[in-house]
Amino acid sequence: PLYLGRGGGRRHGRLSWAPPCGPSPPSGYIYDPRHATPSVGGPLFHGGAGRVNNEVLERREDVLVFTTERFSKELEFIGRVSAVLYFGSSSALPDFFVRLCVVSRRREESTNVCDGYIRVRPWVGKALSDGTRRVEVDLWATAFRMKPGQRLRVTVSSAAHPRFQRSGNTPDVMAEVTATTPKAVQWIYHDAVHPSHVTLPVTQGL
């Protein structure tokens, strides 16, 4: 797996094959349904679908970004991609959108490969004794070949609106978002006890 880890910035972290071996502060952001993270590209049935530049999305304050070092050789993965998140939230009913991207060698352009969305409910995932919760996110199947010099990137947010209906942080999933709709503080943990990661079906390169 590729493990999420703390980096040099508040929202920007590292992505590494090495699992975390000690304590590390979580990465956090505030999700505001009134200004929900927009959907960019992906498997849509209208204009703007497919692989697109995610730069504008990754600059948002409500998006966490985790990036590998440059690859020294080709890496090929074919099959189902999945993610495991350990999280804490001020909302009892948070949503999470996880996206895998590839970063180009020269232009540093981040384009989406595959992604997945989960709406957490009390019966979803596993509650841990320390108050965090473990959930698995299906990023669906893909086939991709990394070239030397490219990097992989994982982004985590709590919306991809309007592709997925935005959460209002309330039990009523159909509730209209208004000026009084509450915000939610989200924390993604990535330490030795909470090893958040993405699993790739690697067929060549490791």
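Here is a short note on the salt bridges, a surface patch and two pockets of this predicted model.

1. Let's start with charge pairs. Side chains of opposite charge can pair when their charged atoms come close. In this model the count comes to 15 salt bridges, and a few of them are worth a look in turn.

2. A good one to find first is the pair formed by Arg-145 and Glu-76, whose closest N and O atoms are 2.5 Å apart. This salt bridge links distant parts of the chain: Arg-145 sits in strand 9 (residues 133–146) and Glu-76 in strand 5 (residues 75–89), with their positions 69 residues apart in the numbering. Glu-76 is buried, at a relative accessible area of 14%, whereas Arg-145 is partly exposed at 43%.

3. Next, please turn to Glu-55 and Arg-59. They form a salt bridge with the closest N and O atoms 3.1 Å apart. Glu-55 counts as partly exposed, with 43% relative accessibility, while Arg-59 is exposed at 52%. That value puts Arg-59 in the exposed class because the class begins over 50%.

4. Arg-107 and Glu-109 make another salt bridge, and here the closest N and O atoms are 3.6 Å apart. Arg-107 is exposed, at 68% relative accessibility; Glu-109 is partly exposed, with a relative accessible area of 24%. There is also a network: Arg-70, Glu-108 and Arg-151 are joined by salt bridges that share partners.

5. Now for the surface. Ile-30, Val-185 and Trp-187 together make a nonpolar patch of about 260 Å². To find the patch, you can look for Ile-30 in strand 3 (residues 27–31).

6. Which residues are the closest to the centre of the largest pocket? They are Pro-43, Val-113, Cys-114, Asp-115 and Leu-139, out of 18 lining residues. The pocket has a volume of about 240 Å³. Strand 7 (110–119) and strand 9 are the elements that give two or more residues to its lining. By class, that lining holds nine nonpolar, five polar and four charged residues.

7. The second largest pocket holds about 200 Å³ of space. Its lining has 16 residues, and Trp-17, Thr-68, Glu-69, Arg-70 and Phe-71 are the closest to its centre. Arg-70 may look familiar, as it also belongs to the salt-bridge network with Glu-108 and Arg-151. Strand 2 (residues 12–16) gives the largest share of this lining, three residues. Six of the lining residues are nonpolar, five polar and five charged.

Terms used: Residues are numbered from 1 along each chain as its sequence is written. This is a predicted model: local features need pLDDT of at least 70, side-chain atom pairs count only at pLDDT 80 or more; totals for chains, interfaces and linings use all residues. Side-chain values use heavy atoms; hydrogens and water are left out. A salt bridge is a side-chain nitrogen of Lys or Arg within 4 Å of a carboxyl oxygen of Asp or Glu. Buried means under 20% relative accessible area, exposed over 50%, partly exposed in between (1.4 Å probe, protein chains only). Helices (H or I, at least four residues) and strands (E, at least two) are DSSP runs, numbered from the N terminus. Patches are made of residues with over 30% relative accessible area and no salt bridge: like charges are joined within 9 Å, nonpolar side chains (Val, Leu, Ile, Met, Phe, Trp, Tyr) within 5 Å. Accessible areas come from the Shrake-Rupley method with a 1.4 Å probe; for residues, only the protein chains shown count as cover. On a 1 Å grid over the protein atoms alone, a cavity is a set of points where a 1.4 Å probe fits but cannot get out, and a pocket is an open set with protein on both sides within 12 Å along at least five of seven lines; lining residues have an atom within 4 Å of a point. Grid points are joined across faces, edges and corners, and a volume is the space filled by probe spheres set on the points. Ala, Val, Leu, Ile, Met, Phe, Trp, Tyr, Cys and Pro count as nonpolar, Asp, Glu, Lys and Arg as charged, and the others, Gly among them, as polar.
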